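The exercises below ask the reader to study a protein model step by step. Please keep the sequence and the three-dimensional view at hand while working through the solutions.

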Amino acid sequence: MEPAEFSYAPDTTVVSAGRPAREHDAAVNPPIVLSSTYHGSGPVVDGDRAYGRYSNLSWEPFEQALAELERAALPGLLFSSGLAAASAAMELIPPGGVLVIPRHAYQGALVMARELSAKGLFDVREVDIAETDQVLAALEGVSVLWLESPTNPMLEIADLPVLIEAARRANPEVILVMDNTFATPLVQRPLEFGVDIVLHSVTKYLAGHSDVVLGALVTSEPRLRERLLHHRSIHGAIAGPFEAWLALRGLRTLALRIERSQATALLLAERLRTHPAVARVRYPGLSVDPGHARAKAQMNGFGSVICVEVLGGQPSADSVVAALRLWTPATSLGGVESLIERRRRHLNEPHTVPENLLRLSVGIENPEDLWEDLSQALNLARTR
Ligand SMILES: *Cc1c(COP(=O)(O)O)cnc(C)c1O
């Protein structure tokens with residue numbers, strides 16, 4: 001593979017990274033390698049592929065590309081899902097340690113944290129991540145500070161520089177993990193703020209086509225990467241070669257997809273704000289949003305997820321979803337097609353997420369078609 005080239009802009013890197021060496025008649029794209037084992041007879045040493053659970057030639061181009069995008073010194077680690085990656089990161093919490101996590105972190109990560117803590121493995125402190133004083137008050141003895149910003153689905157923005165500095169002061173050994181799924185490395189690079197490990201649900205924007213479930217971790221710390229790699233090798237939550245290939249294929253258009261979907265998200269958020277069927281719009285790109293100033297300072301854009309609270313409660317929210325023709329009612333986000341979901345349909349969703357909240361994942365369709373469909377559905381809900 002070509003060595004990491006940090007001098008390119010990210011919208012070039014998504015296209016150029018992870019290519020095979022430029023040799024005469026070499027393939028331009030990395031191949032899918034279907035092999036569960038690798039040649040070898042001497043002692044197996046660190047870095048050897050050796051066996052298909054330790055490494056796979058088909059993962060490596062994506063792992064290299066993700067590292068370049070997050071400006072990491074070491075290749076990323078691909079996992080079978082975002083939650084498999086989260087599981088590896090949570091295992092870094094020492095027995096009896098303390099995990100500080102947003103109460104509106106991704107619900108799967110929250111459920112995992114609560115279940116591990118219920119077994120007595122560590123203590124969990126759930127905090128309102130946008131309320132800096134509340135987080136600071138919870139940092140005593142912290143082992144892992146879990147960050148997510150914007151949060152899914154409440155779109156709260158954490159004050160990253162302040163929280164990271166305070167966590168290090170509270171415990172110089174603290175490990176800072178940040179779920180960067182909503183922003184992607186094109187919009188926010190947590191390692192540059194001093195975070196230790198970046199987590200992605202590759203399922204979402206990075207792969208981008210709602211056809212693959214994958215996760216990844218990225219760190220520049222050799223010791224941490226070694227522990228995470230060991231976890232992956234021993235627990236076995238590995239990616240399939242075809243899924244890894246699809247993720248790299250999807251990554252090639254990330255910059256274009258993000259540019260289009262962010263611009264449409266801002267346009268829709270502004271129009272939704274004045275729609276008579278809408279009680280509240282959450283989108284950090286709106287100047288009235290409580291997270292706007294922080295998002296502007298930390299992010300290069302505001303992402304493509306909008307949350308809308310519909311007047312008339314759950315029945316109205318459900319009827320908006322039912323009346324849509326172009327938007328697809330489905331969970332997940334970050335694909336080329338626009339998706340919409342009432343989040344509380346998931347029984348695990350925290351009850352502080354309003355019943356009438358719709359999460360919109362804005363895709364790359366024509367913005368006026370998306371608006372027309374949304375506004376007709378909202379108008380119907382209003383006249384019901
Ligand atoms: C979807 C998601 C996850 C979980 O990833 P999977 O690939 O579904 O396992 C984690 N964090 C966030 C923010 C997500 O949106």
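Five exercises with worked solutions follow.

This is a predicted model, in which local features need pLDDT of at least 70 and side-chain atom pairs count only at pLDDT 80 or more, while totals for chains, interfaces and linings use all residues. Residues are numbered from 1 along each chain as its sequence is written, and side-chain values use heavy atoms, with hydrogens and water left out.

**Exercise 1. The domains**

Task: State how the protein is divided and how many residues of domain 1 are in contact with domain 2.

Solution.
Step 1. The division gives domain 1 (10–251) and domain 2 (255–383); such bounds come from an automatic or database domain assignment.
Step 2. Taken over C-alpha atoms, the centres of domain 1 and domain 2 are separated by 26 Å.
Step 3. Contact means heavy atoms within 4.5 Å. By this criterion, 36 residues of domain 1 are in contact with 35 residues of domain 2.

**Exercise 2. The ligand**

Task: Describe the residues around the ligand, and find which polar atoms lie at short listed distances from its oxygen atoms.

Solution.
Step 1. A residue counts as near a molecule or strand if one of its heavy atoms lies within 4 Å of it. There are 13 residues around the ligand, and Leu83, Asp179, Ser201, Thr203 and Lys204 come nearest.
Step 2. Sort the shell by class: it has 4 nonpolar, 6 polar and 3 charged residues. Here Ala, Val, Leu, Ile, Met, Phe, Trp, Tyr, Cys and Pro count as nonpolar, Asp, Glu, Lys and Arg as charged, and the others, Gly among them, as polar.
Step 3. Examine the atom pairs. An N or O atom in the side chain of Lys204 is 2.8 Å from a ligand oxygen atom. For Leu83, a backbone N or O atom lies 2.9 Å from an oxygen atom of the ligand. For Asn152, an N or O atom of the side chain is 3.2 Å from an oxygen atom of the ligand.
Step 4. Consider the cover: on its own the ligand has 380 Å² of accessible area, of which the protein covers 91%. Accessible areas come from the Shrake-Rupley method with a 1.4 Å probe, and for residues only the protein chains shown count as cover.

**Exercise 3. Two loops**

Task: Determine where Ser149, Thr151 and Ile129 lie, and whether each is buried or exposed.

Solution.
Step 1. Buried means under 20% relative accessible area, exposed over 50%, and partly exposed in between (1.4 Å probe, protein chains only). Helices (H or I, at least four residues) and strands (E, at least two) are DSSP runs, numbered from the N terminus.
Step 2. Ser149 is placed in the loop between strand 4 (144–148) and helix 6 (160–170), and Thr151 also lies in the loop between strand 4 and helix 6. Ile129 belongs to the loop between strand 3 (122–127) and helix 5 (132–137).
Step 3. Ser149 is buried because its relative accessible area is 1%. Ile129, at 1% relative accessibility, is buried, and Thr151 is buried with a value of 0%.
Step 4. A polar contact is a pair of N or O atoms within 3.5 Å; within protein, one must be able to donate a hydrogen and the other to accept it, and residues adjacent in sequence count only if both atoms are side-chain atoms. The side chains of Thr151 and Glu156 make a polar contact at 2.6 Å, and the side chain of Ser149 reaches the backbone nitrogen of Ala158 at 3.0 Å.
Step 5. Not counting residues up to four places away in sequence, Ile129 touches residues including Thr151, Glu156 and Ala158. Ile129 and Ser149 are 20 residues apart along the chain, with their C-alpha atoms separated by 8.4 Å.

**Exercise 4. Helix 9 and Pro241**

Task: Find what covers the buried residues of helix 9, and explain why Pro241 counts as buried.

Solution.
Step 1. In helix 9 (residues 241–251), the buried residues include Pro241, Ala244 and Leu248.
Step 2. Their cover includes helix 1 (10–16), helix 2 (60–70), strand 1 (77–79) and helix 10 (254–273).
Step 3. Pro241 counts as buried because its relative accessibility is 18%.
Step 4. Leaving aside neighbours within four places in sequence, Pro241 is in contact with Ile32, Val33, Leu34, Asn56 and Ser58.

**Exercise 5. Helix 2**

Task: Explain why helix 2 is described as largely enclosed.

Solution.
Step 1. Helix 2 is largely enclosed by the rest of the structure because 11 of its 11 residues are buried.
Step 2. Just after helix 2, Arg71 takes a positive phi of about 55°.
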